[in-house]
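Student: I am new to this structure and would like to learn how to read its features, one at a time.

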Amino acid sequence: MKSTTRGTLAAVITCVAAAAGAAAAVTPAAAIGTVPVPVPLDGVEKSLNVELSTIGGEIPLPTPGAPEGPRFVEGRLIPERAVPQLPVAAGLPGLGLRAPLPEILGDEFNHVGVDAPAADLRTLGPGLDVDAPLTAPNPDRFGLPDLKLPEAGVLTPVLQAVPTADLGLGKGL
């Protein structure tokens, strides 16, 4: 094989490998997020010969995160957050709706549109925080711990979201 042929073949293989690497890097990011859900009404619209609404939605895919591990706190025998809270990132479902709105004084159609995109949702599952009925070693008692009341607490779940929606009215939305 000539050196020019080998060089050309090496350049083609390098380009294909770079394109495959870029596609592999893009695919996971595209897979995480939302899945579009269209509602097909084209057949009904054509068979009845009328303009119908267009409806579509988005369903978010939940992705679990890494929980915060237990933290050592001075003066406690058992670390804080013995059972950590599990974070889950997801979203609220989205909705897109376009509907014809007939005018009262004419034959033209105005359209109304509602767009509520999928909103990010941050959650933390419930956790558990406990402490033993003993204190840290007491040097005044030759290193023996003192007694205290046991502590137990439930870490409440967290739910945070900022949903938005847009309402539009006009001709041919």
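Tutor: We shall take the salt bridges and then a sheet, keeping in mind throughout that this is a predicted model.

Student: How many salt bridges does a search of the whole structure find?

Tutor: To read this feature, one looks for a side-chain nitrogen of Lys or Arg within 4 Å of a carboxyl oxygen of Asp or Glu. A search of the whole structure on that basis finds four salt bridges. In one of them the side chains of Lys148 and Asp131 meet, with 2.5 Å from N to O.

Student: Where do Lys148 and Asp131 lie?

Tutor: Lys148 belongs to the loop between strand E10 (144–147) and strand E11 (151–155), whereas Asp131 is in strand E8 (residues 127–131), so the salt bridge ties together parts that are 17 residues apart in sequence.

Student: Is Asp131 buried or exposed?

Tutor: The cut-off to apply is that buried means under 20% relative accessible area. Asp131 has a relative accessibility of 4% and therefore counts as buried, while its partner Lys148, with a relative accessible area of 25%, is partly exposed.

Student: With which residue does Asp146 form a salt bridge?

Tutor: Asp146 is paired with Arg141, and the closest N and O atoms of the two are 2.9 Å apart. For Asp146 the relative accessible area is 24%, which makes this residue partly exposed, and Arg141, at 40% relative accessibility, counts as partly exposed too.

Student: Which residues are joined into one network by salt bridges that share partners?

Tutor: Here one follows a residue from one salt bridge into another. The side chain of Lys148 also meets that of Glu151 in a salt bridge, at 4.0 Å from N to O, and Glu151 is partly exposed, with a relative accessible area of 43%. Through shared partners, Asp131, Lys148 and Glu151 are thus joined into one network.

Student: In what order do the four strands of the open sheet come?

Tutor: A sheet is read strand by strand across its pairings. The order in this open sheet is E3-E4-E7-E12, and the pairing is antiparallel. Strand E3 (63–64) and strand E12 (158–161) are the edge strands, each of which pairs on one side only.

Student: Over how many bridges do strand E4 and strand E7 pair?

Tutor: Strand E4 (residues 87–92) pairs with strand E7 (residues 119–124) over six bridges, in the antiparallel sense, and Val88 stands opposite Thr123 in E7.

Note on methods
Residues are numbered from 1 along each chain as its sequence is written. This is a predicted model: local features need pLDDT of at least 70, side-chain atom pairs count only at pLDDT 80 or more; totals for chains, interfaces and linings use all residues. Side-chain values use heavy atoms; hydrogens and water are left out. Helices (H or I, at least four residues) and strands (E, at least two) are DSSP runs, numbered from the N terminus. Buried means under 20% relative accessible area, exposed over 50%, partly exposed in between (1.4 Å probe, protein chains only). Two strands pair if DSSP finds at least two bridges between them.
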